[in-house]
Amino acid sequence: MADDYLVRIGKLIRDARQHRGWTQTQLAEALGTSQSAVNRIERGNQNISLEMIARIGEALDSEIVSLGYAGPMHLRVVGGRRLSGSIDVKTSKNACVALLCASLLNSGRTVLRRVARIEEVYRLLEVLNSIGVRTRWINDGVDLEIVPPAELNLAAIDADAARRTRSIIMFLGPLLHRLDRFMLPYAGGCDLGTRTVEPHMIALRRFGLDIAATEGQYHAVVDRSVAPDRPIVLTERGDTVTENALLAAARHDGITVIRNASSNYMVQDLCFFLEALGVKVDGIGTTTLTVHGVPTIDVDVDYSPSEDPVEAMSLVAAAVVTESELTVRRVPIEFLEIELAVLEEMGLDHDRTPEYFADNGRTRLVDLTVRPSKLEAPIDKIHPMPFPGLNIDNVPFFAAIAAVAQGKTLIHDWVYDNRAIYLTDLNRLGGRLQLLDPHRVLVEGPTRWRAAEMMCPPALRPAVVVLLAMMAAEGTSVLRNVYVINRGYEDLAERLNSIGAQIEIFRDI
């Protein structure tokens, strides 16, 4: 019986190591042991202590075993510290998940450079692996290689992983070219209230995809005789809706015009990737996209997604809230110009370098230096709009910024049903936020932040906003169960620590 447990634990360790993209030698170096010892552990041929299991779990950032349940990750934050130095923006979460879905269009080998190592990406990789796609981290775990099988096995799909990401809905566009009928689990992700998938269905029906939703599954049937005979007008200028339409159009043998399309950063990155696959896309950056589809795609492609403007905004907000001087490097300026214009109106002291290109050769970047500033509340309300307006995902950061500004700021988060409610969690840290209705919150500043212990909000951006406020609050705060932050940020605590924060990761025993 003991030998059986050792084998099972060894398999868990091997799977966690491979998931991280490490060799046995790399794990051995992290543990201060030999490669042969790691090999014996993974084969179940060596007794292993609880201490060693804990060390391996820490090295691989994976809960190898737990007492009854997988213990959630928490953060202990010592606040009131100034940030300094410089920090690079990571590649875009939303672009990376779109490109993972788009890799299903290609029968050849896809390599994505500097992919964000985040939970949302891991969930999609689990889904891809379960249906037969081979993926592996290469170049010391920095880049991702994706090789699809000749035939996908949708019957074996990892439903649990699929339900934990809303991005699974972007499988619909590629899969309609590969299968005549298939099932997908309902999309999940952040708790942001009810969001209808009908705009996706309206667009994809034009390619012959019919969906029936029953018992937690999308049941899809494709009619090959149906094809767009006029421009597709999206009923919602949504990012994932536009991406799904693009993915469907990419392998439609003909020209597809998509109107009322999103021109946001992740959509542009997807268009650039499609062009690398040999699909011509006219109108990139506008609300009308013309896709010159090709019936088959079988190429070896190497692509570098651009940096994440929402992460860039997170880091700018961290500097503002902690009253720090900080340089944020590799900022995709095209997608932050409205936010910076609002911050300039509020009195932000900053400067930027001349523009240069991202590794994709298309996206414009700058290095942005933010300095401590005396901010005043903006005259107009803060509200999101489709690009080139203020980014929907950047709105929550203005709650923390407005809390350190003099005066009252009205934030109108009209897109999501619940997100404005989560912003009032800042009141636990000394904020003065008044919820006017489910979409509007009035923020009064300046704020004298105070430390607190609290549960992480179930939505990504409000969760990060709470973390930033804790960094500004004198004393020690605790933020419990931060899985939602790991969905969208790679090693955020460690990276903030590198510029002067003091954040400790811990788990309950």
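In this predicted model, Leu184 is a useful place to begin, since beyond its neighbours within four places in sequence it is in contact with Leu154, Ile157, Ile168, Phe171, Leu172, Leu175, Gly216, Gln217 and Tyr218. Leu184 also belongs to the largest nonpolar core, a set of 154 residues, and is one of the members that touch the most others, together with Phe171, Phe182, Leu467, Met471, Leu479 and Ile485. The element that gives the most to this core is helix H16, spanning residues 460–472, from which 11 residues are drawn. Another core lies apart from it, made up of 15 residues that include Ile13, Leu27, Ile56 and Ala59.

From the cores the reader can turn to a sheet. Four strands form an open sheet in the order E21-E22-E1-E23, and their pairing is mixed. At its edges stand strand E21 (453–455) and strand E23 (502–507), each of which pairs on one side only. On average, and with direction ignored, neighbouring strands of this sheet are turned by 20° against each other. Within the sheet, strand E1, covering residues 73–79, and strand E22, covering residues 475–480, run in the antiparallel sense and are paired over five bridges. To follow this pairing residue by residue, one may start at Arg76, whose bridge partner in E22 is Val478.

A loop offers another point of interest. Ser263 sits in the loop that links strand E10 (255–259) with helix H11 (265–276). Although Ser263 is a loop residue, its relative accessibility is 4%, and because buried means under 20%, Ser263 counts as buried. Its contacts, with neighbours within four places in sequence left aside, are Gln268, Gly285, Thr286, Phe335 and Phe387.

The cysteines complete this walk through the model. A search of the whole structure finds zero disulfides, and two residues illustrate how the sulfur atoms are placed. For Cys101, which is in no disulfide, the nearest cysteine sulfur is that of Cys96, 11 Å away. A disulfide requires two cysteine sulfur atoms within 2.5 Å, and the sulfur of Cys271 is too far for a bond because the closest cysteine sulfur, in Cys101, is 15 Å from it. Are these cysteines buried or exposed? Cys101 has a relative accessibility of 0% and so counts as buried, while Cys271, with a relative accessible area of 1%, is buried as well.

Methods
Residues numbered from 1 in each chain as written. Predicted model: local features only at pLDDT ≥ 70, side-chain atom pairs only at ≥ 80, totals over all residues. Heavy atoms only, no water. Core = buried A, V, L, I, M, F, W, Y, C linked by side-chain atoms within 4.5 Å. Buried < 20%, exposed > 50% of the residue type's maximum accessible area, 1.4 Å probe, protein only. Helix = DSSP H or I, 4+ residues; strand = E, 2+ residues; numbered from the N terminus. Contact = heavy atoms within 4.5 Å. Pairing = 2+ DSSP bridges. Axes fitted to C-alpha atoms, helices over the stretch in contact; angles between N-to-C directions.
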